Amino acid sequence: MNIWLVMLIAGALTFLTRLSFIWMFGRMAVPPLVKRALDLVPPAVLSVIIFQELLIRDGKLALGLDNIRLLAGIVAVVAAWRTRSALVTIAVGMVALFLFKLVIH
């Protein structure tokens, strides 16, 4: 029973924290500098998540040709650059990862 109580309290606190920002920004004028800064948060967070997954293996920087995730990521970047399509980029990256896994490992 304690774990459910902890989960409910944590969920409520998370919800209220996010709701407070939504409520606050709905009630006050946000300066343009803050708006521009907040526009950069999602790409920055996504970049950290992606680059960490591509570049770090076993707690170490892995830039070699044996890092199949990095190779698949490079293929996906080329696909994104050429097609400008998120769906194609994801599909090409997944296929590249699968093929590298078959060939290299």
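A residue counts as buried under 20% relative accessible area, as exposed over 50%, and as partly exposed in between. Isoleucine 74 has 46% relative accessibility, so it counts as partly exposed. You'll find isoleucine 74 in helix α4. Keep in mind that this is a predicted model.

Phenylalanine 21 sits in helix α1, and its 46% relative accessibility puts it in the partly exposed class too. Here are the two side by side:

| Residue | Helix | Relative accessibility |
|---|---|---|
| Phenylalanine 21 | α1 | 46% |
| Isoleucine 74 | α4 | 46% |

Phenylalanine 21 also belongs to a nonpolar patch on the surface, along with Trp23, Met24, Phe25, Met28, Val34, Leu38, Val41, Val45 and Ile49. Together these residues offer about 900 Å² of accessible area. Which elements give two or more residues to the patch? They are α1 (2-27), α2 (32-39) and α3 (41-55). Helix α1 chips in the largest share, with four residues.

Now for how α3 meets α4. Two packed helices are described by the angle between their axes and the distance between the axes. The axes of α3 and α4 (residues 68-83) come within 7 Å and cross at roughly 130°. Angles from 115 to 145 degrees count as oblique, so α3 and α4 are oblique to each other. On the α3 side, Glu53, Leu54 and Leu55 make the contact, meeting Arg69, Leu70 and Gly73 of α4.

Back to isoleucine 74 for one last look: between its C-alpha and that of isoleucine 22 there are 37 Å in space, with the two residues 52 apart in sequence.

Definitions and conventions. Residues numbered from 1 in each chain as written. Predicted model: local features only at pLDDT ≥ 70, side-chain atom pairs only at ≥ 80, totals over all residues. Heavy atoms only, no water. Patch = residues over 30% accessible without salt bridge, like charges linked within 9 Å, V, L, I, M, F, W, Y side chains within 5 Å. Areas by Shrake-Rupley, 256 points an atom, 1.4 Å probe, with all protein chains shown as cover. Salt bridge = Lys/Arg side-chain N within 4 Å of Asp/Glu carboxyl O. Buried < 20%, exposed > 50% of the residue type's maximum accessible area, 1.4 Å probe, protein only. Axes fitted to C-alpha atoms, helices over the stretch in contact; angles between N-to-C directions. Parallel < 35°, antiparallel > 145°, perpendicular 65-115°, else oblique. Contact = heavy atoms within 4.5 Å.
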